Amino acid sequence: MKLILKSSVFLLLKGLLFLFRLIDKNGRVTLDAVTDAFEDIYRCHLVSDRYDLYPSKSYQSTRIKTSTKEKELAVIIQGIIEEKNDYTLETVRLYKKLFSHAVIIISTWDNTKDVLLDKFRAEGCEIVLNKTFDVCGLGNVNYQICTSLAGIRRAKELGACYVMKNRSDLRIHREFTFEYLKALVETNPVEKGEIPLKGRIITFAGFSGQLFYTNWYQDFFYFGYTEDLLDFFDIPYNDRQGSARRSSLYMKEKYNGIYTGADMCSERVPEVYITTSFLSKYIPYEDSVKFSWEYHRKYFLVIDFSSIGAIWNKYGRKRLSIENDGTRQIEDYTKNINESFSLALITNQIKYEEWMEQERAKIVLRPQ
């Protein structure tokens, strides 16, 4: 009986999807409608490119004890608060379970409604308000620098040893995430040299090609010692005016809608701008894969979204992990920088060769 019911539902759904395809060519509207209904009924978030399910409410605490000390970690949630479905507020409620010993800092803008801020104060959050300003930098990078740096400064004042910088539309679900990240820092020490970092800066893997993009790390998330991330974000603002939307239009117009990894690196999009600005404080910067890999091996570490159960609620569109950000047709996933590559590079098991320098120019990005 169950088999017959399953077959009938499958055929009905297949027929409906065929009809939807006639008006919804790439299936995005259909997928969003179906998954929105699924999430509403089952009270969960569905990450479509990993087929993972995470609770949207009703979080549980672990009874397992750790060696984590009170306020050893500061979680900084930075940027505009995502109000739809109380996304950022629910993130805080989850983090109070996952990071029960941490101080949670909301670093946002001074034009945020008091009634909204009061909800976070009621959850015990520290609030840092930043004055708005006009020159946002390419892709709003200056806004990220401002809110991140202000949050980290507050974390230092509160005595936090470690900082986890978290975009307001990003959510982590994996228990023992802090202990896992701290273990990675402790077991993979930095190479002492020109850059005075106490430990590695951990960030996320990205989409196709970043194996050969120079010093491109996803800026949604960073983890490290408080003083290291304070130094990392203590960089000049970008003097270009270009919101995320305006930057996207600029790239499409300049490169006729089709651009390469080399184009994105040359424009110094936010992910590249932050890292290169930090490195340039201490060493002459070189735009090459060889340079990028050398300093990755010494000072950085990349983890996968799935390692800590992260999802990105990109501009109100749920169910995304950055390995597939839902906006580009990715031609070669084997060129992703990921956790397995990062650890192999750190331990000198990956060999650099000159042909790699040309690869980013071959990686074509076609926005959908």
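A pocket is an open set of grid points with protein on both sides within 12 Å along at least five of seven lines, and its lining residues have an atom within 4 Å of a point. The exercises below apply this to a predicted model.

**Exercise 1. Determine which residues lie nearest the centre of the second largest pocket, and how its lining is made up.**

Solution.
Step 1. The pocket in question, the second largest, has a volume of about 510 Å³.
Step 2. Its lining comprises 25 residues, and those nearest the centre are Thr 62, Lys 97, Leu 98, Phe 99 and Glu 175.
Step 3. Strand 2 (52-55), helix 3 (87-98) and helix 6 (177-187) each contribute at least two residues to this lining. Helix 3 gives the most, with 4 residues.
Step 4. Sorted by class, the lining of the second largest pocket contains 11 nonpolar, 8 polar and 6 charged residues.

**Exercise 2. Describe how helix 7 and helix 10 are arranged and which residues join them.**

Solution.
Step 1. Two packed helices are described by the angle between their axes and the distance between the axes.
Step 2. For helix 7 (residues 226-233) and helix 10 (residues 270-280), the axes come within 8 Å and cross at roughly 100°.
Step 3. Angles of 65 to 115 degrees count as roughly perpendicular; helix 7 is therefore roughly perpendicular to helix 10.
Step 4. On the side of helix 7, Asp 231, Phe 232 and Phe 233 take part; they meet Ile 274, Thr 275 and Phe 278 in helix 10.
Step 5. The contact of helix 7 with helix 10 thus described has, by class, 4 nonpolar, 1 polar and 1 charged residues.

**Exercise 3. Locate Tyr 237, classify it as buried, partly exposed or exposed, and list its contacts beyond its neighbours within four places in sequence.**

Solution.
Step 1. Tyr 237 is found in the loop between helix 7 and strand 11 (241-242).
Step 2. The relative accessible area of Tyr 237 is 41%. Buried means under 20% and exposed over 50%, so Tyr 237 is partly exposed.
Step 3. With neighbours within four places in sequence left aside, Tyr 237 is in contact with Phe 133, Asn 142, Ile 145, Cys 146 and Tyr 273.
Step 4. For one of these partners, Tyr 273, the separation from Tyr 237 is 36 residues in sequence and 9.6 Å in space, C-alpha to C-alpha.

**Exercise 4. Summarise the protein chain as a whole: how many helices and strands are there, and what percentage of residues count as buried?**

Solution.
Step 1. The protein chain has 13 helices and 17 strands.
Step 2. It holds 368 residues, of which 53% count as buried.
Step 3. Among contacts in the protein chain with a separation of 6 or more, 76% are between residues 24 or more positions apart.

Conventions:
Residues are numbered from 1 along each chain as its sequence is written. This is a predicted model: local features need pLDDT of at least 70, side-chain atom pairs count only at pLDDT 80 or more; totals for chains, interfaces and linings use all residues. Side-chain values use heavy atoms; hydrogens and water are left out. On a 1 Å grid over the protein atoms alone, a cavity is a set of points where a 1.4 Å probe fits but cannot get out, and a pocket is an open set with protein on both sides within 12 Å along at least five of seven lines; lining residues have an atom within 4 Å of a point. Grid points are joined across faces, edges and corners, and a volume is the space filled by probe spheres set on the points. Ala, Val, Leu, Ile, Met, Phe, Trp, Tyr, Cys and Pro count as nonpolar, Asp, Glu, Lys and Arg as charged, and the others, Gly among them, as polar. Axes are lines fitted to C-alpha atoms, for helices over the stretch in contact, and angles run from 0 to 180 degrees between N-to-C directions. Angles under 35 degrees count as roughly parallel, over 145 as roughly antiparallel, 65 to 115 as roughly perpendicular and the rest as oblique. Contact means heavy atoms within 4.5 Å. Buried means under 20% relative accessible area, exposed over 50%, partly exposed in between (1.4 Å probe, protein chains only).
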